[in-house]
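Welcome to this short briefing. Please take a moment with the sequence and the 3D view below, and then we will walk through a few places together.

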Amino acid sequence: MPERFRSYDADPVTVARRLLGQRLVRVIDGRRLGGTIVEVEAYLGSEDKAAHTFRGRRTASNASMYLQGGHAYIYFTYGMHHCLNVVTGKAGDGTAVLLRAIEPLEGVKWMFARRTAATRDTQLCSGPAKLTQALALSRSEDGLDLARSPQLFIERLRRRPLPAKRVVSTPRIGVGYAGSWARRRLRFYIEGNPHVSPGR
DNA sequence: CCCGTGATTTAT
DNA sequence: TAAATCACGGGG
């Protein structure tokens, strides 16, 4: 049985790279759903124009992004979508890693049941809101502690980050409004993995 | 290409 | 009070 991943107390780029290749697990209705994290984005806090915590902004919606590293920050957007972030660093930092895609491995059949639009496994979790739909994550799970929660956690499958050669970095998706921050290469994915999001 | 859908922010 | 915005997904 793998140990839990616990290395959240670092800057979001470091944690983003560490998370690739680890396993996200969601337990619901007594079943395990999950898979390997294959695509992530780092959000750098108050200086990062694309971050929900830009200029120290604090609202009821983004409160959990200021929790200690290892908590879940789940936000609601576009009137219908949820996205899952893993908070990084220390309480108050406001930094996080957006989980954009996983390669589904456990409970695939139950993911298809929730992802009615998906016809192939590559459509199941290949985008941040697809992933939350497949895993039944919403604002109800916002703020969960991934180090302790029985419902949501990350298992450590590798002790070392993936070699940089196997990781592609690009600008983040959908943040064109963020000026120079839009051009920074803060998105990371496993090269050649078919479960990475198509992007925009 | 366009649209849904709604919380939140920004403009008037 | 109104309009625009938004870390998206699905359909044409």
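Two residues are in contact here when heavy atoms of theirs lie within 4.5 Å. Keep in mind that this is a predicted model. The tour starts with Glu106, which sits in strand β5, and then moves on to other residues, the largest pocket and DNA strand B.

**Glu106 and its neighbours**

- Leaving aside residues up to four places away in sequence, Glu106 touches Arg23, Arg32, Leu33, Gly34 and Met111.
- With Arg32, the side chain of Glu106 also makes a polar contact of 2.8 Å.
- Glu106 has a relative accessible area of 17% and is therefore buried, since buried means under 20%.

**His82 in strand β4**

- Strand β4 is where you will find His82.
- His82 counts as buried because its relative accessibility is 17%.
- Its contacts, not counting residues up to four places away in sequence, include Ile74, Tyr75 and Phe76, as well as Pro128, Ala129 and Thr132.
- Leu137, Ser138 and Arg139 are also among the residues that His82 touches.
- His82 and Arg139 are 57 residues apart in sequence, yet their C-alpha atoms are 7.7 Å apart in space.

**Ser197, after β8**

- Look for Ser197 in the segment that follows β8 (187-190).
- The relative accessibility of Ser197 is 7%, so this residue counts as buried.
- Beyond residues up to four places away in sequence, Ser197 touches Glu39, Arg100, Ala101, Ser126, Gly127 and Arg187.
- One of these, Arg100, is joined to Ser197 by a side-chain polar contact of 3.3 Å.

**The largest pocket**

- The largest pocket holds about 830 Å³ of space.
- Its lining has 30 residues, and those nearest the centre are Tyr78, Cys83, Arg100, Pro128 and Ile173.
- At least two lining residues come from each of β2 (31-43), β3 (72-77), β4 (81-88), β5 (95-106) and α3 (128-134).
- With four residues, α3 gives the most to this lining.
- By type, the lining of the largest pocket has 15 nonpolar, 10 polar and five charged residues.

**Around DNA strand B**

- Which residues surround DNA strand B? They are Arg57, Thr59, Ser61, Tyr78, Gly79, Met80 and His81.
- Of the atoms of DNA strand B that come within 4 Å of the protein, 50% belong to sugar and phosphate.
- The residues near DNA strand B divide into two nonpolar, four polar and one charged.
- A polar backbone atom of Tyr78 is 2.4 Å from a base oxygen of DNA strand B.
- For Gly79, a backbone N or O atom lies 3.4 Å from a base nitrogen of the strand.
- His81 uses its side chain instead, with an N or O atom 3.5 Å from a base nitrogen of DNA strand B.

**Two residues with a positive phi**

- Most residues other than glycine have a negative phi.
- Arg55, although not a glycine, has a positive phi of about 55°.
- You can spot Arg55 in the loop between β2 and β3, and its relative accessible area of 70% makes it exposed.
- Tyr78 is another non-glycine residue with a positive phi, near 50°.
- Tyr78 lies in the loop between β3 and β4.
- Is Tyr78 buried or exposed? Tyr78 is exposed, because its relative accessible area is 69% and exposed means over 50%.

Key: Residues are numbered from 1 along each chain as its sequence is written. Chains are lettered from A and ligands numbered from 1 in the order in which they are written. This is a predicted model: local features need pLDDT of at least 70, side-chain atom pairs count only at pLDDT 80 or more; totals for chains, interfaces and linings use all residues. Side-chain values use heavy atoms; hydrogens and water are left out. Buried means under 20% relative accessible area, exposed over 50%, partly exposed in between (1.4 Å probe, protein chains only). A polar contact is a pair of N or O atoms within 3.5 Å; within protein, one must be able to donate a hydrogen and the other to accept it, and residues adjacent in sequence count only if both atoms are side-chain atoms. A residue is near a molecule or strand if one of its heavy atoms lies within 4 Å of it. Ala, Val, Leu, Ile, Met, Phe, Trp, Tyr, Cys and Pro count as nonpolar, Asp, Glu, Lys and Arg as charged, and the others, Gly among them, as polar. On a 1 Å grid over the protein atoms alone, a cavity is a set of points where a 1.4 Å probe fits but cannot get out, and a pocket is an open set with protein on both sides within 12 Å along at least five of seven lines; lining residues have an atom within 4 Å of a point. Grid points are joined across faces, edges and corners, and a volume is the space filled by probe spheres set on the points.
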